[in-house]
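Please open the model in your viewer and keep the selection tool at hand. The stops below say what to select and what is there.

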Amino acid sequence: MGRILCIDYGERHTGVAVSDPTRMIARALPTIHHDSESELLSALRTVITEQEVDEIVIGLPVSQSGKPSRRSEQVRSFAGQLRKATGLAIATFDERFSTARALE
């Protein structure tokens with residue numbers, strides 16, 4: 001079983017973290033600074049290979065009411081591109097209230 005890569009997608013700066021081999025603990029990796037989605041895809045393919053990733057989770061920003069937003073559609077579009085580029089399973093994670101949950 002490989003590691004899980006977690007992505008906080010941004011238009012110019014994308015946060016990434018990777019799980020340990022047991023998938024119990026994650027650690028942050030350096031933020032990826034990029035000028036284009038193709039540059040980001042290339043950087044992520046490198047991380048996936050180096051870290052032996054076999055699953056990806058991308059944070060999905062949705063409105064407080066749970067309705068999709070322009071931003072959530074951008075993330076879904078990028079997730080589709082990443083799936084095509086890597087062939088890996090990709091899940092999205094609803095980011096609503098994630099900061100509040102982390103502080104509990």
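The tour goes from paired strands to a helix and then to two rings.

This is a predicted model, in which local features need pLDDT of at least 70 and side-chain atom pairs count only at pLDDT 80 or more, while totals for chains, interfaces and linings use all residues. Residues are numbered from 1 along each chain as its sequence is written, and side-chain values use heavy atoms, with hydrogens and water left out.

Select residues 3-8 and 53-60, strands β1 and β4, which pair in the parallel sense over 5 bridges; strands here are DSSP runs of E with at least two residues, helices are runs of H or I with at least four, and both are numbered from the N terminus, and two strands pair if DSSP finds at least two bridges between them. Within this pairing, arginine 3 stands opposite valine 53.

Add residues 89-94, strand β5, which runs parallel to β4 and is joined to β4 by 6 bridges. Here valine 57 stands opposite alanine 91, and isoleucine 58 stands opposite threonine 92. In a regular strand the side chains alternate between the two faces of the sheet.

Now select residues 70-86, helix α2, which makes a right-handed β-α-β unit with β4 and β5: with the strands pointing away from the viewer, the path from the first strand over the helix to the second runs clockwise.

Which rings form the 1 aromatic pair of the structure? Select tyrosine 9 and phenylalanine 78, whose ring centres lie 4.7 Å apart with planes at 25°, so the pair is stacked (centres within 6.5 Å, planes under 30 degrees apart). The pair links distant parts of the chain, since tyrosine 9 is in the loop between β1 and β2 (13-19) and phenylalanine 78 in helix α2, 69 residues apart. Both tyrosine 9 and phenylalanine 78 are buried, meaning under 20% relative accessible area with a 1.4 Å probe and protein chains only.

Note on methods:
Phe/Tyr/Trp six-rings, centres within 6.5 Å; stacked < 30°, edge-to-face > 60°. Buried < 20%, exposed > 50% of the residue type's maximum accessible area, 1.4 Å probe, protein only.
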